[in-house]
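Hi,

Here is the structure I promised to pass on to you. Have a look at it first, and my notes follow below.

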Amino acid sequence: MMARELHTVLDREPLPTAPARPPRRRPWLVPLLVCVLLAQMAVAMVTAAVQQTPTIDEPVYVATATDYLHEHRVRYNPEHPPLGKLVVAAGLAFADPHYDPSFAGDQGQVGRHLLYESGNDPWRVMLWARLPVIVLTLAFGLVAFAFARDLMGPAGGVVTLALYAFSPDLIAHGSLATLDVPAAGFLLTSVWLLWRARRRPRLYVPLAAVAAGAALATKMSTLAAVPVLLALAGWSVWRADADADSDAGERSAGGVASAAEGATRVAGGRAGVAKGVAAVAGGSETVAKDVAAVAGGVAKGAAAVADGSAAVTDDITPVPGGVAPVAGGVAAVAGGVAAVSGDVAAVSGDVAPDARSRRRALLRALGGAAVLALGAVVVVWASYLVVDPRLRWAPEEPVPVVHGLRAVLVDLLPFPEAYRDGMRVQFGFEDYPWQGFLFGRLYTGSLWYYLPAALLVKTPLGMLALWAAGAVAVVAVRGLRPAAPYLLAPTAVLLGAAMTGSRDFGTRYAIFVPMFLAVAVAGVLAVRWRWAAAVTGALVLFVAGSSLRTYPFYLPYSNEAFGGPDQTHLRLHDSNVDWGQDLGRLADRLRERYPGERIWLVYKGAGVPSYYGIEAADPRKAPAADVRGLLVVSDSAAAKATGRLAELIDSARSIDHIGHSITVYRR
């Protein structure tokens, strides 16, 4: 089987009910399925990238990346390291947007100025900025496929890639010039390489260090995974040593076999002794006969004595011939004993416990963790040096001061000052009283269960079932248990860290979950249940259908249990449903269906409505009696509406919904 040839964790045997016929070899089938799955994901992401206007965060990243290209310095957006924006810059290098470095303003204003006030085409600039992230997202799909194939062979790889390629969250955020998918993908790559390091640590631990450093150089939230990565690096090296010791044990077993062979030779030597003794007995009998002949010769006379003596001499000759086999048998005994002694000594040397070897294994494990840490630090420094070899750091906005344990942790980071200041900015964000929205409830602060609840809404039902089954399988199936720490520990630690954050803004903060758990789902194929493969296939098709039905509106997706994409705004807000992505669609709808009508607009996003031909006024700045015509409100703004805006919405009638993220009311 191909799974066995690939040295999977679990060598599966055919089920008892499997037909006894040779498998058909179709080497083209798996590559074809991989290409089809990635192609549909690419089409979905490119379509979204072409049709969506800039989301809230994108102009900041695009402006920062453009500043990297033109000014070669780090001054904007310090809360995120440079690598993810360098990826965006790779696409912007082809777009070559006009950039005014003398413009004064914060990072958000610089982004709007670049896209809408500098003579650039925002559609073209944003598409080129998004394309490198799309390519990287597809590459991470191949990583997920390879990881699952290592566990369960090609079938497991295809199942994992299908879940990855049809994930609405991965498609939605993989099509944007943001940092969430790149950071999570680099982490997945690092863990996969650490898994492979169990066989070849010298090759894969350094590569895993590069991937881990890439994650840290993309988003600071990945710092939470560092302890897990270090532990996995040490464990992989330790297991590699244990496997080497196991091979040595097999060699010791060979030594035992040699000892048995030596014992056989001893027995053969003893048989030789017996034969020699028998020959001695035969020789003695001949001596007795010859002595009798000598006596007869003496009676005949002295002359005959000489002749009799000669005969005696000739007749005694067989005695030495009998002794010779004795000597040969003894020599064989000595050789057999010597062989046994040598083999037993070899066995004793291999089997005897050696405390020094254990200490060496522990040191090598610690060395593996050190290599991972050192490599990651080098990559982070390199990402800053690529932008500015002189490492100049002049923040455009004030950096908050942190105190206590946070200050100690920031000072201990072995990274450039710009990175540490970015951490201070992140801690400042954590102290801000953000507003959240969950299941119709508007609140200030954060809810620890927000992310699990949001994932429950925004994950296809079939995918939720397969996630649960996969997590159970990698723990319950004995052959898959070695993979459990690699798949479940990073997911649990990162999710736990994200759940303690103060910003309940969307499942993008847990975008690593569909990546890691998609790999775990491959383990379901190891379950010894005759219908496991069929049920898995049916659930994958259910996921595919749910994902395809939401095309091309992936950002506001919610599963069928919660009413689908059109109902997401009733339960979630911000990047879960409305991130400013549908301003262009709104402009098209207003021109097609509502030409010439008075428009009142409350838009939550980074786009400029007038650029798209939307001439509107803010209803919050006018008397309620004057607000007549079309009231257009972003669903995130409607979710948090209070005061006058809430009154206006309550007294209006909903008549249209654009992109499942902007509602049109009539007053």
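Please keep in mind that this is a predicted model. I began with the record: an unreviewed UniProt entry lists "transmembrane region" for residues 28–50, 127–148, 170–195, 365–387, 447–477, 484–503, 509–527 and 534–554. I looked at two of those stretches in the model. Residues 170–195 are 81% helix and 0% strand, with the end C-alpha atoms 23 Å apart. For residues 447–477 the chain is also 81% helix and 0% strand, and there the end C-alpha atoms lie 34 Å apart.

Next, a helix pair. The axes of helix 4 (residues 83–95) and helix 6 (residues 122–165) come within 7 Å and cross at roughly 140°, so the two are oblique to each other. The crossing is right-handed. On the helix 4 side, the residues in contact include V87, L92 and F94, and helix 6 brings W128, P132 and L136, among others. By type, the contact residues split into twelve nonpolar, one polar and one charged.

Further along the chain there is an open sheet of four strands, ordered 3-4-6-5 with mixed pairing. Strand 3 (599–602) and strand 5 (653–658) are at the edges with a single partner strand each, so one side of each has no neighbour in the sheet. On average, neighbouring strands are turned by 20° against each other, direction ignored. Strands 3 and 4 (residues 630–634) run parallel and are joined by four bridges, with I599 opposite L630. Helix 21 (residues 583–593) packs on this sheet, touching strands 3, 4, 5 and 6, and its direction makes about 120° with that of strand 5. Helix 23 (residues 643–650) lies across strands 3, 4 and 6, at about 125° to strand 4.

Best wishes

Methods
Residues are numbered from 1 along each chain as its sequence is written. This is a predicted model: local features need pLDDT of at least 70, side-chain atom pairs count only at pLDDT 80 or more; totals for chains, interfaces and linings use all residues. Side-chain values use heavy atoms; hydrogens and water are left out. Axes are lines fitted to C-alpha atoms, for helices over the stretch in contact, and angles run from 0 to 180 degrees between N-to-C directions. Angles under 35 degrees count as roughly parallel, over 145 as roughly antiparallel, 65 to 115 as roughly perpendicular and the rest as oblique. A crossing is left-handed if the near helix is turned anticlockwise from the far one by less than a right angle, and right-handed if clockwise. Contact means heavy atoms within 4.5 Å. Ala, Val, Leu, Ile, Met, Phe, Trp, Tyr, Cys and Pro count as nonpolar, Asp, Glu, Lys and Arg as charged, and the others, Gly among them, as polar. UniProt positions are given in the numbering used here, feature names are shortened, and annotations may be inferred rather than shown by experiment. Two strands pair if DSSP finds at least two bridges between them.
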